[in-house]
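Colleague: Could you take me closely through one part of this model, and tell me how its helix packing and hollows are built? I would like the residues by name, please.

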Amino acid sequence: MSVSSQFIKDSFPNINNDISEYVDSVLETSADEFENDDDVYEAIGEVLHEVETDKTEDDIREICGKIFAMLRPDHAATNGEVQQNGGGTLHKMLNAPVQLGELVEENSAETGVDNPNSIWLKSSDDVNRNVDSKKVERAQELAMKKQAKRENKDTKPANVYKSCEATASQVISKKDNRAEASGNNNTKDIHIENFDISYGERMLIQGADVTLVYGRRYGFVGRNGLGKTTVLKMISSKQLFIPSHISVLHVEQEVVGDDTRAIDSVLESDTVRESLLAEEKELNRKISAGEDQTGEASTRLNAVYSELEAIDASKAPSRAAVILAGLGFTADMQARATKTFSGGWRMRLALARALFSKPDLLLLDEPTNMLDMQAIIWLERYMQTWPSTALVVSHDRNFLDEICTDILHLHSQKITVYRGNYTEFHTTMVEKLKAQQREYESQMEYRKHVQEFIDKFRYNAKRASMVQSRIKMLEKLPKLEPVITEGTVTLKFPEVEKLSPPIMVLSEVSFKYENTDRIIFSNVDLSATMESRICIVGENGAGKSTLLKIVMDKLAPTKGTRSVHRNLKFGYFTQHFVDQLDLEVSPLELMAKEFPGKKSEEYRRMLGQFGVSGDLALQQIDSLSGGQKSRVAFAILTGHQPNFLILDEPTNHLDIETIEALGHALTNYKGGVVLVSHDERLLKMVCQELWVCSKGKVYSLEGGLDAYRKIVEQEMSLL
């Protein structure tokens with residue numbers, strides 16, 4: 001360890017190894033370039049300030065001056081101090097001006113020897129001729145670099161992260177190539193063999209094989225960030241081989257709105273019909289303009305009419321309207337632009353497009369996100385009779401139980417297929433892992449027993465042949481891999497102080513938006529305490545989010561009163577949490593922006609409470625999965641130390657294990673909770689009081705979620 005390194009550690013006892021190594025490397029590589037202690041301060045001063053904020057700038061500059069003296073003792077010797085050969089110093093006080101040239105002449109007269117190389121006896125021309133021009137150029141280059149460094153000191157690159165994108169590679173068999181080339185491949189079964197998928201430099205899936213049998217409905221499950229959504233995108237973009245005669249439609253997580261009308265958006269999903277209509281329009285233009293001299297346009301136009309008739313193109317608008325009406329769209333809503341709809345309605349619109357086009361392979365990514373219970377029940381029933389193949393990414397256990405015939409489980413860069421719905425898959429997987437663990441332990445015990453025999457009789461001549469045979473037997477045994485199990489997910493909300501009741505009370509509250517006659521709800525009388533676990537359900541647009549905003553005083557009630565405890569501090573998690581995050585930075589940098597002044601270890605601790613740890617905390621947020629972004633948002637939420645949580649659809653994008661962990665964390669939380677969700681598993685874990693927001697009313701329902709589901713099913717049966 002260098003003297004300067006030890007000096008820094010003595011001066012800053014709290015410095016960690018990473019910062020210490022960084023400072024040492026800076027001093028080692030730049031020592032020859034330091035001209036004074038200001039250069040040292042410029043290089044490492046800010047870093048040392050962050051290590052101990054108690055030290056003033058003068059303290060840091062003094063330390064930098066001592067470091068400079070250690071690194072460049074030749075430059076640090078000043079104030080008349082002259083180094084002697086013996087290692088000591090001679091101090092000499094100058095009482096009168098000294099002419100160095102005269103001293104040299106006197107010295108020459110005394111010794112009788114002239115020194116022609118003395119710089120004091122040379123003329124200026126002689127001196128200039130003996131200057132090393134290369135050294136001068138080098139010094140100028142170093143000076144320019146230092147100046148540029150000072151000018152760019154505060155400039156940061158726009159993006160310090162590597163641009164990452166998902167890529168897929170696949171080895172396609174000769175059999176598939178021949179079948180595709182022949183044009184006679186009519187099978188609807190899909191075989192995706194020997195494929196890899198990576199995201200940037202990270203391998204997501206390696207050497208996977210998937211077979212999708214026509215007519216079966218596959219649930220696709222696995223932890224957040226493993227690549228489920230990426231697989232669906234690779235299939236829909238045909239980066240993974242899908243026979244050309246198989247139609248594929250991908251319903252994405254969040255549909256982007258634009259000026260297209262809702263019914264037109266559904267009609268446009270039938271690309272065959274749209275292309276035929278566009279061709280019909282162009283052919284009619286040519287014929288009207290007299291450009292059809294050969295009659296080919298007329299012949300083709302007749303063929304187009306036949307194809308349109310074969311697919312019932314004339315009935316398409318009415319069929320699209322029926323599907324939209326079944327999903328809750330009124331006639332006025334069908335004529336509105338897609339950008340005017342909320343997230344829940346856009347999801348219904350995306351589902352309508354899929355159901356209208358009837359693809360051979362339907363890809364659904366989190367279809368229950370932002371759907372109300374009525375729509376979820378309707379979708380469950382519809383998907384149970386879906387005639388073609390479906391591949392569904394979902395973290396709603398109840399939904400997967402209702403619709404799935406098979407489960408694809410993504411883990412350890414592999415995809416494993418299980419028969420049955422999610423509950424059957426979970427039971428089978430747990431038993432399989434237990435059996436593998438028993439087999440592993442049995443094999444390890446057997447190998448240990450054999451090895452003990454070998455070690456005991458290795459040098460026994462009488463048993464040499466037996467020892468050798470057992471050694472060969474051990475060498476021939478297959479390599480034994482330990483059973484890989486996914487770690488448990490644990491979420492933890494911070495401790496809070498108890499508040500004495502009343503905490504929050506709504507008394508005869510009514511609300512309607514300005515310039516409208518529609519009353520969202522009226523005469524609401526509800527209250528909450530620090531022990532409350534309140535769950536709010538109701539159809540989309542009934543006013544659940546509006547009620548939450550009144551609770552948090554973001555909206556004032558039109559009528560009635562709202563009263564809360566003066567020390568109540570809300571933590572609000574919204575549906576569109578991604579819009580609130582800066583996607584250009586890492587989670588660690590985002591925490592530093594939200595909570596400046598803390599140490600990096602504290603930011604990591606806050607993120608680690610929600611499973612964002614290790615390299616994940618250093619990745620760009622834009623590259624994280626939806627569930628990982630949710631965890632970052634939770635870390636920010638709890639960092640503000642709320643004592644009452646308001647959660648609006650918190651399960652969107654979270655994997656099943658994290659939803660379970662969220663349920664346990666909310667149960668153990670010491671503050672109050674108001675939860676808007678349609679995830680039945682989470683509601684059953686958390687809910688102690690159920691509020692129903694429907695048809696202009698908000699009321700507490702006895703019997704909980706099961707009673708509400710029965711009410712919804714009865715209403716749907718009457719439609």
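Modeller: Happy to; I will start from one helix, follow its neighbours, and then turn to the hollows. The model is predicted, with local features needing pLDDT of at least 70 and side-chain atom pairs pLDDT 80 or more, while totals for chains, interfaces and linings use all residues. Residues are numbered from 1 along each chain as its sequence is written, and side-chain values use heavy atoms, without hydrogens or water.

Let us begin with α19, which spans residues 422-457 (helices are DSSP runs of H or I with at least four residues, strands E runs of at least two, numbered from the N terminus). Its partner is α20, residues 464-476; their axes come within 10 Å and cross at roughly 145° (axes are fitted to C-alpha atoms over the stretch in contact, with angles from 0 to 180 degrees between N-to-C directions). On the α19 side, Tyr446, Arg447, Val450, Gln451, Phe453, Ile454 and Phe457 make the contact (heavy atoms within 4.5 Å). Facing them in α20 are Met466, Val467, Arg470, Ile471, Met473 and Leu474. That contact of α19 with α20 has 10 nonpolar residues, one polar and two charged (Asp, Glu, Lys and Arg are charged; Ala, Val, Leu, Ile, Met, Phe, Trp, Tyr, Cys and Pro nonpolar; the others polar).

The helix α19 also faces a pocket, the second largest, with about 940 Å³ of space (an open set of 1 Å grid points with protein on both sides within 12 Å along at least five of seven lines; lining residues have an atom within 4 Å of a point). Met429, Leu433, Ile484, Thr485 and Glu486 are the closest to its centre, out of 36 lining residues. With 10 residues, α19 gives the most to this lining. At least two residues each come from β10 (406-411), β11 (414-419), α19 and α25 (656-668). By class, the pocket lining has 15 nonpolar, 12 polar and nine charged residues.

Past α20, the loop leading to β12 (504-511) holds Lys492. Lys492 touches Gln609 and Phe610, leaving aside residues up to four places away in sequence. Between Lys492 and Phe610 there are 7.0 Å from C-alpha to C-alpha, although they are 118 residues apart in sequence.

A second helix pair is worth setting beside the first. Here α17 (residues 373-383) and α27 (residues 704-717) pack at about 65°, with axes 10 Å apart. From α17 come Met373, Gln374, Ile377, Trp378, Glu380 and Arg381, which meet Leu705, Tyr708, Arg709, Val712, Glu713, Glu715 and Met716 of α27. The contact of α17 with α27 divides into seven nonpolar, one polar and five charged residues.

Finally, the closed spaces: the whole structure has two cavities of 30 Å³ or more (a 1.4 Å probe fits but cannot get out). The largest cavity has a volume of about 120 Å³, and among its 15 lining residues Thr368, Asn369, Thr651, Asn652 and Asp679 are the closest to the centre. Its lining has four nonpolar, seven polar and four charged residues. The second largest cavity has a volume of about 50 Å³ (the space filled by probe spheres set on the grid points). Ile192, Phe195, Val210, Phe220, Val231, Ile235, Leu391, Leu408 and Ile415 line the second largest cavity, nine nonpolar residues with no polar and no charged ones. Both β4 (190-199) and α10 (228-236) supply at least two residues of that lining.
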